[in-house]
Amino acid sequence: MAGLDALLGLPGATRDDLRARLIELIGPLIATARSAPAGEVLEQEQRCTTATGEERLLRSRARMVGDTCTGGLLGITTDVTQGHQDRQARADLAARYRLLVERSPDAIWVHQDRMVVYSNPATARMLAAESSAQIVGRPITDFIAGHAIPGIQERLAVLTTPGTAAMPAEVEMKRLDGSTIPVQSVAVLINWEGRPAFQVIQRDVTAHQTAEVALHHQAALVQHVSDAIIATTREGVVTSWNRAAAAIYGRPAERALGQHIGAVVGAPLDPAALLAAGGITEARHLHANGSALAIRVSAAEMPSGFVLVCADETARRRAEQDYATVVNALDEGVIVADAKGLVLSANPAAAHILGTTRAELVGSPLQAWPLFDETGAPLPPDARPSTQTRRTGVPQNARVLGARRSDGRGVWLAVASRSLTPDNDAPHPVVISFTDITESRTIRERLEREATHDPLTGLANRTLVLRHLESALRSAHRTRPTGVLFIDLDKFKVINDSLGHGVGDEVLRVVGERLRQLVCEGEVVGRLGGDEFVVISHDEDDRKKLRLLAEGLRRSLTDPISVEGRKLHVDASIGIVLAPPGDPRTAADVLRDADVAMYHAKTLGRGRTAFFDVQLRERLQRHLLLQQDLREAAHKDELWMAYQPIIDLGTGQTVAAEGLLRWTHPLYGTVSPAEFIPLAEESDLIHEIGAHMLRMASCELAAHRTRHQFALRLKVNLSARQLEDPYLHNDVHEALAEAGLPASAVCLEVTESALMHDPTAAAQVLSDLRRLGVRLAIDDFGTGYSSLAQLQRLPLDALKIDRSFITGIDENPDAEAIVNSIIAMAHAVKLTVVAEGVETAQQLELLRRLGCDQAQGFYIGKPAPIEQLLDNRWTP
């Protein structure tokens with residue numbers, strides 16, 4: 001075929017020459033074909049020299065065509081010289097790369113699926129292994145510090161394409177001997193035996209880090225030392241000029257570099273001659289502004305020239321003078337003593353504080369000045385701060401000591417001592433500094449007293465009382481109980497509010513003094529604040545004696561107290577707690593229990609004494625728990641309404657029902673309104689609960705009226721506190737609107753005492769409610785102080801006679817007369833009269849005869865849920 005001449009390297013050769021050359025080249029192939037099976041493909045590679053002398057490698061592939069007698073060869077000859085060279089190059093490259101890796105000083109290793117599959121000898125040396133066999137086959141995490149693993153995983157995760165490499169990073173590796181080594185690490189994604197793997201190259205940077213730190217340290221040292229450090233060539237030309245040099249000579253580096261050393265220091269200076277003369281001298285140099293400098297120069301030789309250290313002795317001498325001036329101006333005493341304890345120098349403050357002269361101090365032994373500890377006992381010589389520092393070199397700080405001045409007066413000193421030669425062996429010369437703290441100590445003692453004592457009475461305050469009580473409770477030597485009397489003055493607020501705080505303070509001072517005079521020595525009397533006092537009686541296990549003590553305290557307090565010409569009388573309620581040895585309560589717990597007992601004494605009628613018992617605490621805890629749980633009772637559906645029927649005495653029909661709030665507590669069961677309503681009033685929950693009760697009652701009664709087609713009126717009580725609620729009008733309006741209940745079907749009842757507390761304000765609130773269309777009633781009538789005139793001024797519709805007048809009305813003529821008068825008075829101002837608390841048929845009949853309009857009570861029907869209201873309907 002055409003192109004054979006180019007293949008054989010015989011351009012322009014004749015066809016015969018090409019055929020002869022080809023037959024020569026494929027001669028071995030022809031010989032093989034004669035004996036090969038028919039149809040077999042034969043192949044050979046043969047070197048060929050071209051006409052220009054170039055060596056080529058030709059590959060021939062052929063097979064027999066026809067038989068061995070008449071047939072021939074059909075084949076293809078290809079120039080594979082370049083491919084052969086590439087394969088050889090790759091083989092040579094692989095051999096060189098393998099040799100390079102094996103002999104590399106850097107650690108090179110391969111990991112696949114987190115397991116090490118290859119490591120070179122340098123890796124074994126880096127990881128303190130005897131050979132690569134100790135590394136290959138182990139997880140890579142065996143050789144990486146734990147804190148470095150997450151960072152490595154993040155860097156490897158971004159390598160997704162073979163040949164991509166992670167950025168170099170410093171990694172801490174774990175060696176087989178347990179130590180760690182910092183390395184610079186680079187990872188490359190490769191193929192290993194047909195699967196992805198990571199080749200890691202690491203270099204130990206320990207020496208690099210050390211050298212880098214050293215260089216940084218040296219550079220920082222040169223730049224930040226206070227001495228000028230100047231480098232020059234051998235000819236004296238400046239090549240380095242640090243900050244101190246610029247500061248000392250007043251020349252920045254750009255004006256000094258490249259200049260001769262003599263020109264920039266303002267004086268002749270030959271570094272070689274200075275080195276030959278011993279390397280150290282003192283000379284007079286000049287600042288850039290012409291001022292003289294006393295400089296101490298040190299020279300040293302280096303390969304490229306010289307380095308000069310120039311210390312400004314002028315600055316040092318000025319600093320010494322400044323230091324002496326400062327020390328002499330200090331208010332703090334400073335004494336320098338030699339290693340034997342003899343005073344070498346003393347500043348004026350030291351002489352002034354010790355009441356002597358510097359001449360008397362200098363040369364005297366330190367032991368000549370007597371010192372005392374904080375208890376006033378003489379301080380032994382070995383215990384003195386200066387002695388301990390001289391013997392050990394260890395500083396002594398903030399030691400408070402007493403000293404006797406030469407005039408005999410004592411002073412308190414805060415003393416510190418330091419060694420002047422801490423790096424040398426003992427004994428050490430020392431510097432002793434001390435401050436006169438006599439005045440501050442006195443102030444501190446006064447402040448401490450003020451912090452633990454009541455400023456008005458001088459008695460222990462709450463902090464000190466608790467401290468004494470805690471100490472008594474935890475005393476290991478205590479074998480008898482401790483008695484705690486909690487004293488609260490009765491009606492002291494009246495004195496304070498009516499006569500002023502000045503009079504009140506004087507009463508408290510007198511009370512405190514009387515208590516202090518009555519208790520025995522060792523017993524603690526304290527004022528906790530306001531009009532609360534406490535007495536702690538130690539080792540008292542007789543309740544009778546404690547009661548007698550309490551009564552004696554009460555009697556002393558009831559004696560008249562004269563203040564500003566007035567004779568004032570006070571009494572006290574006292575709670576008593578006995579804390580036996582080993583009592584687990586804290587001082588605050590015991591004081592709290594005494595307070596509980598005092599509160600109980602007040603509930604007994606004031607001017608009483610009561611001992612604490614567990615039941616008192618349980619009642620108080622119940623009180624607190626109920627008050628807390630009441631906040632969530634409405635949201636948890638624990639509150640519900642009971643309804644008591646009210647009948648018309650003329651017709652005998654049920655015309656209304658009074659809604660009464662009930663609480664079913666999850667722990668205590670049914671809680672009486674007499675218990676939880678006062679809690680609601682104390683905590684201002686009454687507004688929220690009252691609004692909730694009104695909404696609930698309105699909705700339930702409206703549904704009841706619709707379901708039974710029965711026009712029943714609703715009567716609901718309002719607390720006295722609700723009259724103060726500015727949102728009461730809105731709450732009533734929203735409850736009626738939500739329930740769809742006519743305003744005329746609702747009657748709001750307010751107690752007589754609430755109305756009479758502030759009739760004017762009450763009239764305004766009732767008038768606002770009346771404009772909504774609701775009816776209004778005065779409840780518990782007869783227990784307050786209302787009059788017919790007051791009833792006329794209030795927008796009322798009904799009057800409820802208190803049950804106390806109904807009880808026994810059929811047996812007591814006086815009660816009947818009172819009820820008859822109330823009915824007549826109410827009718828006179830056109831009020832409907834309702835009698836509550838009817839419990840017998842006789843009472844009911846008498847009320848009907850007296851002209852009472854309506855009645856309610858257990859005889860007529862008991863309070864019950866709305867579903868049972870019809871069942872409770874009274875039939876005459």
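I take a residue as buried when its relative accessible area is under 20%, and as exposed when that area is over 50%. The model I am reading is a predicted one.

**Aromatic pairs**

I began with Phe 676, which has a relative accessible area of 0% and is therefore buried. Its partner Trp 663 also comes out at 0%, so I put Trp 663 down as buried. I then looked up how many aromatic pairs the structure holds, and the count is three. Trp 663 and Phe 676 make one of them, an edge-to-face pair with 5.7 Å from centre to centre and 85° between the planes. I placed Trp 663 in strand β28 (residues 654–665) and Phe 676 in helix α23 (residues 673–682), so this pair ties together parts that are 13 residues apart in sequence.

I also looked at Trp 241 and Tyr 249. Their rings form a tilted aromatic pair, at 5.7 Å centre to centre with 45° between the planes. I noted both Trp 241 and Tyr 249 as buried.

**Charges over rings**

Next I checked arginines lying over aromatic rings. I found Arg 441 over the face of Trp 412, 4.1 Å from the ring centre. I found the charged end of Arg 543 over the ring of Phe 611, at 4.0 Å from its centre.

**Nonpolar cores**

Which residues of the largest nonpolar core touch the most other members? I have Leu 748, Leu 769 and Leu 799, in a core of 80 residues. Helix α24 (residues 686–708) gives the most to this core, and I count its share as eight residues. I followed Leu 769 further and set aside its neighbours within four places in sequence. What remains in contact with Leu 769 is Leu 718, Leu 728, His 729, Val 732, Leu 748, Val 774 and Leu 776.

I then noted a second, separate core of 28 residues, whose members include Leu 459, Phe 492, Val 519 and Val 570. As general background, nonpolar side chains tend to be buried together in soluble globular proteins.

**Domains and annotations**

I copied out the domain assignment of the protein chain: domain 1 (4–83), domain 2 (104–208), domain 3 (234–316), domain 4 (331–437), domain 5 (452–612) and domain 6 (624–870). I looked up the separation of domain 1 and domain 4, and their C-alpha centres lie 114 Å apart.

From the unreviewed UniProt entry I took the annotation "domain: PAS", which covers residues 221–259 and 319–363. For residues 319–363 I noted 47% helix and 20% strand, with the end C-alpha atoms 26 Å apart. The unreviewed entry also carries the UniProt annotation "domain: PAC", on residues 396–449. For residues 396–449 I noted 22% helix and 48% strand, with 29 Å between the end C-alpha atoms.

**Backbone details**

I looked for a cis peptide bond and found one joining Ala 426 and Pro 427, with omega at about -5°. Pro 427 belongs to the loop between β18 (410–419) and β19 (430–436).

I next recorded positive phi values in residues other than glycine. Ala 398 has a phi of about 50° and is not a glycine. I located Ala 398 in strand β17 (residues 396–404). Its relative accessibility is 64%, so I class Ala 398 as exposed.

Glu 564 is another such residue, with a positive phi near 55°. I placed Glu 564 in the loop between β23 (561–563) and β24 (566–568). Because its relative accessibility is 63%, Glu 564 counts as exposed.

**Two exposed positions**

Is Pro 303 buried or exposed? I read a relative accessible area of 81% for Pro 303, so the residue is exposed. Pro 303 lies in the loop between β12 (292–302) and β13 (305–312). I also looked up its distance to Leu 58: the two are 245 residues apart in sequence, and their C-alpha atoms are 65 Å apart in space.

I finished with Thr 760, in helix α27 (residues 759–770). Thr 760 has a relative accessible area of 64% and is therefore exposed. Between the C-alpha atoms of Thr 760 and Leu 274 I noted 110 Å, for residues 486 apart along the chain.

Definitions and conventions: Residues numbered from 1 in each chain as written. Predicted model: local features only at pLDDT ≥ 70, side-chain atom pairs only at ≥ 80, totals over all residues. Heavy atoms only, no water. Core = buried A, V, L, I, M, F, W, Y, C linked by side-chain atoms within 4.5 Å. Buried < 20%, exposed > 50% of the residue type's maximum accessible area, 1.4 Å probe, protein only. Helix = DSSP H or I, 4+ residues; strand = E, 2+ residues; numbered from the N terminus. Contact = heavy atoms within 4.5 Å. Phe/Tyr/Trp six-rings, centres within 6.5 Å; stacked < 30°, edge-to-face > 60°. Lys NZ or Arg CZ within 6 Å of the ring centre and 35° of its normal. Domains from an automatic or database assignment. UniProt positions renumbered as here; feature names shortened; annotations may be inferred.
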